[in-house]
Amino acid sequence: MPKPAIIQLTPNRLDASKHISPKPQRFLSLRDVLDRLTISRSLLYELIKDPVRPFPSPVHLGRRSVWIEGEVEGYMREVVEAERAAPPN
């Protein structure tokens with residue numbers, strides 16, 4: 001009897017499981033964002049305009065402005081990783 005062949009499977013390019021976040025995304029209010037970052041409102045809007053590392057812009061829902069939780073957390077991770085990778089002074 002011949003040996004069975006081992007076939008390596010490659011993931012489907014249209015695999016929807018890649019695009020599913022491990023936890024549900026939420027909208028964050030201005031107060032939520034300020035509390036998470038522990039910064040002032042004026043500094044938040046300065047960070048949004050920062051040309052080097054801009055903070056994610058809010059999404060406008062009617063009269064309300066909200067931020068997407070995953071984008072805020074991603075920004076926080078980028079800042080921490082950049083600071084840890086920078087050589088000490």
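The following exercises, each with a worked solution, concern a predicted model of a protein.

**Exercise 1. Overall composition**

Determine which secondary structure elements the protein contains and in what order they run from the N terminus.

Solution. Begin with the inventory: the secondary structure comes to three helices and three strands. Next, arrange these along the chain. Starting at the N terminus, the elements follow the pattern β-α-α-β-β-α. Then consider burial: 21% of the 89 residues count as buried. The accessible surface is about 7800 Å², and carbon and sulfur atoms hold 57% of that area. Finally, turn to the contacts in the protein with a separation of 6 or more: residues 24 or more positions apart account for 41% of them.

**Exercise 2. The sheet**

State the strand order of the sheet and identify which strands lie at its edges.

Solution. Strands of a sheet pair through backbone hydrogen bonds, in either a parallel or an antiparallel manner. Here the three strands form an open sheet in the order β1-β3-β2, and the pairing is antiparallel. The edge strands are β1 (27-28) and β2 (59-61), each of which pairs on one side only.

The two pairings can now be taken in turn. Strand β1 is joined to strand β3 (residues 64-68) by two bridges, and these strands run antiparallel. In this region L28 stands opposite W67 in β3. Between β2 and β3, which also run antiparallel, there are three bridges. Here L61 has R64 of β3 as its bridge partner. The connection between β2 and β3 is a hairpin with two residues between the strands. Within that turn, G62 has a positive phi of about 65 degrees.

**Exercise 3. The packing of α1 and α2**

Establish how the axes of helices α1 and α2 cross, and which residues meet where the two helices are in contact.

Solution. First, locate the helices: α1 comprises residues 30-37 and α2 comprises residues 41-49. Their axes come within 10 Å and cross at roughly 90 degrees. Angles of 65 to 115 degrees count as roughly perpendicular. The two helices, α1 and α2, are therefore roughly perpendicular to each other.

Second, list the participants. From α1, residues L30, V33, L34 and L37 meet R41, L44 and Y45 of α2. Third, sort them by class: the contact of α1 with α2 has six nonpolar residues, one charged residue and no polar residues.

**Exercise 4. An unusual backbone angle**

Explain what is notable about the phi of T38, and decide whether this residue is buried or exposed.

Solution. Most residues other than glycine have a negative phi. T38 is not a glycine, yet its phi is positive, at about 50 degrees. This residue is found in the loop between α1 and α2. The cut-off for exposed is over 50% relative accessible area. T38 has a relative accessibility of 68%, and therefore counts as exposed.

**Exercise 5. Two glutamates of α3**

Classify E69 and E71 as buried, partly exposed or exposed, and list their contacts beyond four places in sequence.

Solution. Begin with E69, which lies in helix α3 (residues 69-85). Buried means under 20% relative accessible area. The value for E69 is 6%, so E69 is buried. Setting aside residues up to four places away in sequence, E69 touches K23, P24, Q25, R26, L28 and R36.

Proceed to E71, also in helix α3. Its relative accessible area is 38%, which means that E71 is partly exposed. Apart from neighbours within four places in sequence, E71 is in contact with P56 and S57. For E71 and Q25, which are 46 residues apart in sequence, the C-alpha to C-alpha distance is 9.5 Å.

**Exercise 6. A proline in a loop**

Determine where P54 is found and which residues it touches.

Solution. P54 is found in the loop between α2 and β2. Its relative accessibility is 44%, so P54 counts as partly exposed. Not counting residues up to four places away in sequence, P54 touches L47, I48 and Y75. Consider Y75 in particular: P54 and Y75 are 21 residues apart along the chain, and their C-alpha atoms are separated by 8.6 Å.

Technical notes
Residues are numbered from 1 along each chain as its sequence is written. This is a predicted model: local features need pLDDT of at least 70, side-chain atom pairs count only at pLDDT 80 or more; totals for chains, interfaces and linings use all residues. Side-chain values use heavy atoms; hydrogens and water are left out. Axes are lines fitted to C-alpha atoms, for helices over the stretch in contact, and angles run from 0 to 180 degrees between N-to-C directions. Helices (H or I, at least four residues) and strands (E, at least two) are DSSP runs, numbered from the N terminus. Angles under 35 degrees count as roughly parallel, over 145 as roughly antiparallel, 65 to 115 as roughly perpendicular and the rest as oblique. Contact means heavy atoms within 4.5 Å. Ala, Val, Leu, Ile, Met, Phe, Trp, Tyr, Cys and Pro count as nonpolar, Asp, Glu, Lys and Arg as charged, and the others, Gly among them, as polar. Buried means under 20% relative accessible area, exposed over 50%, partly exposed in between (1.4 Å probe, protein chains only). Accessible areas come from the Shrake-Rupley method with a 1.4 Å probe; for residues, only the protein chains shown count as cover. Two strands pair if DSSP finds at least two bridges between them.
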